[in-house]
Amino acid sequence: MIFVKDLCKTFRVARRDGGMKNTLKSFFHRTYTEIPALDHLNFSIEDGEMVGYIGPNGAGKSSTVKVLSGILVPDSGTCTIDGRIPWKERTAHVKEIGVVFGQRSQLWWDVPVIDTFLLLKDIFSIPDDVYKHNVDELTDMLDLSQLLRTPTRQLSLGQRMRCEIAASLLHDPKILFLDEPTIGLDAVSKIAVRDFIKRRNRERGTTVILTTHDMQDIEALTERILLIGHGKILKDGSLSSLKEEFVTERHMTVLSSNFKADSLSLPQGITLMEAHSDRAVFSLDTTVLSVSDAISAISSQTEIRDLSVDTPSLDTLISKLYCRYEVL
Amino acid sequence: MAFLQKYLTFFKMRIRCGLQYRTAALAGIATQFCWGFMYILLYHAFRNSDPAAYPMTAEQTATYIWLQQAFLTLFASWQLENDLIAQIKDGTVAYDLCRPVSLYPMWFCKCMASRLSRAMLRFLPILLICGFLPAGYRMCLPTSFLCLGLFLLSLTLAFLLTIAILMPVHISVFFLLNESGIRSVFANVMDFCCGGLIPIPLMPAALQKFLSFTPFLYMQNTPYLIYNGYLPISDALRAICIQLCWLVFFIPLGVWMMKKALRRTVIQGG
């Protein structure tokens with residue numbers, strides 16, 4: 001159980017304009033700006049939940065993960081994870097968590113991956129049988145058999161990321177923090193990583209907190225979304241309810257043999273976006289007109305050969321959310 | 001034991017990494033021979049001009065120089081642990097903080113291991129070959145087993161003290177964000193004061209007196225002088241006690257600085 005209340009952290013940033021004159025000036029006098037990275041942050045996460053933590057760049061996502069994993073000390077506020085305060089009881093706390101920072105590496109560069117695993121085994125005091133079982137299972141699920149004996153420096157990014165994730169799960173953590181785990185991965189690796197995280201959550205009940213800019217990650221993995229902006233939680237809800245609330249637009253593509261899309265008389269709530277000789281794309285506002293009404297309005301005026309109705313991508317939803325809350 | 005196991009494994013891992021660099025070791029051995037001969041020739045020239053004014057015998061000088069060359073990597077003051085500094089600078093230290101270990105002992109182990117691994121490849125060949133050189137250039141045996149024992153004890157303490165003094169230098173990167181300034185100033189001052197450039201017995205009396213109030217006199221200088229018989233046993237025992245005192249001062253200082261540094265550390269970026 002993760003419980004966060006009124007968490008605040010402010011960073012002091014020395015700012016100046018460019019150029020020689022300002023550089024010299026800043027030698028004697030620096031102007032600092034206070035940036036509130038976390039501003040009275042509140043949320044709680046139950047055991048076994050899988051939560052997507054999203055927000056634009058600089059919203060405070062990584063800062064939150066750092067506080068939760070005990071490596072950043074906040075200015076004020078409380079945070080308890082299974083009854084412990086992460087930064088005060090760091091060593092006890094980190095035994096229960098696994099962390100993957102997508103942009104950093106925990107594997108030793110010059111030695112085979114398995115050496116890092118053995119080191120982690122002793123660092124986390126993992127019993128022999130548990131270690132063996134976990135390595136076998138992770139090797140199987142993440143397809144690591146060839147990779148473990150390869151030096152880290154010779155792995156591709158996708159291979160390395162699979163090893164990084166395995167490394168952070170060797171000690172059976174109850175909570176897994178993933179900070180952009182799919183950054184820079186190809187489609188196959190992304191899917192492998194997502195499937196694995198899902199399975200781990202389902203089979204072991206591992207709590208997963210995922211920060212990402214990849215909306216497919218969110219769509220594939222998480223039911224609950226926390227939207228952060230300006231250091232505050234702006235929206236906390238399920239992905240489907242967010243979709244219902246924010247995605248009221250549908251794109252309707254109609255194929256027809258004899259099309260004069262321009263001359264159609266369209267009811268309110270439907271607008272023509274693109275017109276071609278054999279095809280037209282309409283935008284439909286479902287708060288005004290239902291999908292079936294829209295189809296019948298068009299089919300009464302032209303012969304429909306084929307038709308598809310699409311929901312705009314999750315990226316569109318998120319950018320709408322960001323605009324709505326003015327977090328950009 | 002389980003508690004120590006973590007640090008021991010870490011130590012072994014670092015040693016394994018360090019032992020990979022065979023070419024560097026061979027090149028190091030060659031360099032150290034050249035330096036050693038050069039120094040011995042130089043000091044023999046000084047000694048021949050006025051043997052009465054020279055504090056050590058020719059054998060003692062040669063022995064001091066060869067010990068210094070053989071264990072150079074244990075005490076090298078300019079050799080900061082670049083891994084650690086890079087970790088602080090690029091934020092990978094975040095991962096070290098996500099481990100159930102204390103950072104100070106872990107980093108201490110890392111420094112020990114990388115220095116030891118470098119020394120392990122070098123000191124035996126140097127000492128072996130130097131034992132068979134012509135008189136005046138030969139590395140001598142210690143005068144007694146007691147002397148050898150005290151040398152080994154003092155060598156260990158001097159090694160630990162060197163790392164304990166360099167730990168705050170590493171930790172200061174948390175505050176300074178760049179190590180090049182402190183590295184170049186500290187490395188040179190420390191190297192000189194420890195007798196790395198000129199053996200301490202050859203320095204002016206006033207400077208020797210001053211250095212006796214600093215930890216520097218009790219680093220590499222002490223074990224070498226015990227080995228070559230320059231320090232009588234009673235002085236050797238006293239020096240070993242002072243080594244212990246300095247260790248008791250510098251280790252808590254480093255632990256305290258580390259605590260301070262981690263409280264205010266912000267791992268920047270994504």
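Which residue is the bridge partner of Arg15(A) in β2(A)? In this predicted model, the partner of Arg15(A) in β2(A) is Thr31(A). Helices (H or I, at least four residues) and strands (E, at least two) are DSSP runs, numbered from the N terminus, and two strands pair if DSSP finds at least two bridges between them.

A few conventions help in reading what follows. Residues are numbered from 1 along each chain as its sequence is written, while chains are lettered from A and ligands numbered from 1 in the order in which they are written. As the model is predicted, local features need pLDDT of at least 70 and side-chain atom pairs count only at pLDDT 80 or more, whereas totals for chains, interfaces and linings use all residues; side-chain values use heavy atoms, with hydrogens and water left out.

The bridge between Arg15(A) and Thr31(A) introduces the pairing of β1(A) with β2(A). Strand β1 (residues 2-15) of chain A and β2(A) run antiparallel and share 11 bridges, and Lys9(A) has Leu38(A) as its bridge partner in β2(A). On β4(A), the residue opposite Ile2(A) is Ile81(A), and β1(A) and β4(A) are joined by five bridges in the antiparallel sense. Together these strands make an open sheet of three, ordered β2-β1-β4 (chain A), with antiparallel pairing. Its edges are β2 (31-45) and β4 (76-81) of chain A, each paired on one side only. Direction ignored, neighbouring strands here are turned by 30 degrees against each other on average. Axes are lines fitted to C-alpha atoms, for helices over the stretch in contact, and angles run from 0 to 180 degrees between N-to-C directions. Helix α2(A) packs on this sheet and touches β1, β2 and β4 of chain A, its direction making about 65 degrees with that of β2(A); contact means heavy atoms within 4.5 Å.

A further open sheet has six strands in the order β5-β6-β7-β3-β8-β9 (chain A), and its pairing is mixed. Each of β5 and β9 (232-238) of chain A stands at an edge with a single partner strand, so one side of each has no neighbour in the sheet. The average turn between neighbouring strands of this sheet is 15 degrees, direction ignored. Strand β3 (residues 50-54) and strand β8 (residues 224-229) of chain A pair in the parallel sense over four bridges; in β8(A), Val51(A) has Arg224(A) as its bridge partner. Helix α9 (residues 239-246) of chain A lies across β8 and β9 of chain A, at about 100 degrees to β9(A).

Over all chains, the search finds 20 salt bridges (a side-chain nitrogen of Lys or Arg within 4 Å of a carboxyl oxygen of Asp or Glu) in the whole structure. One salt bridge links the side chains of Lys174(A) and Glu96(A), at 3.9 Å, N to O. Lys174(A) lies in the loop between α6 (157-167) and β6 (175-179) of chain A, and Glu96(A) in the loop between α3 and β5 of chain A, so the pair ties together parts that are 78 residues apart in sequence.

Turning to the interface, 32 residues of chain A are in contact with 31 residues of chain B. The two chains, A and B, bury about 2,800 Å² between them, 63% of it on carbon and sulfur atoms; buried area is the accessible area (1.4 Å probe) that two parts lose on being put together, summed over both. Arg104(A), Trp108(A) and Ile123(A) supply 24% of the area that chain A buries against chain B, more than any other three residues. Across the interface of chain A and chain B, the rule finds zero salt bridges.
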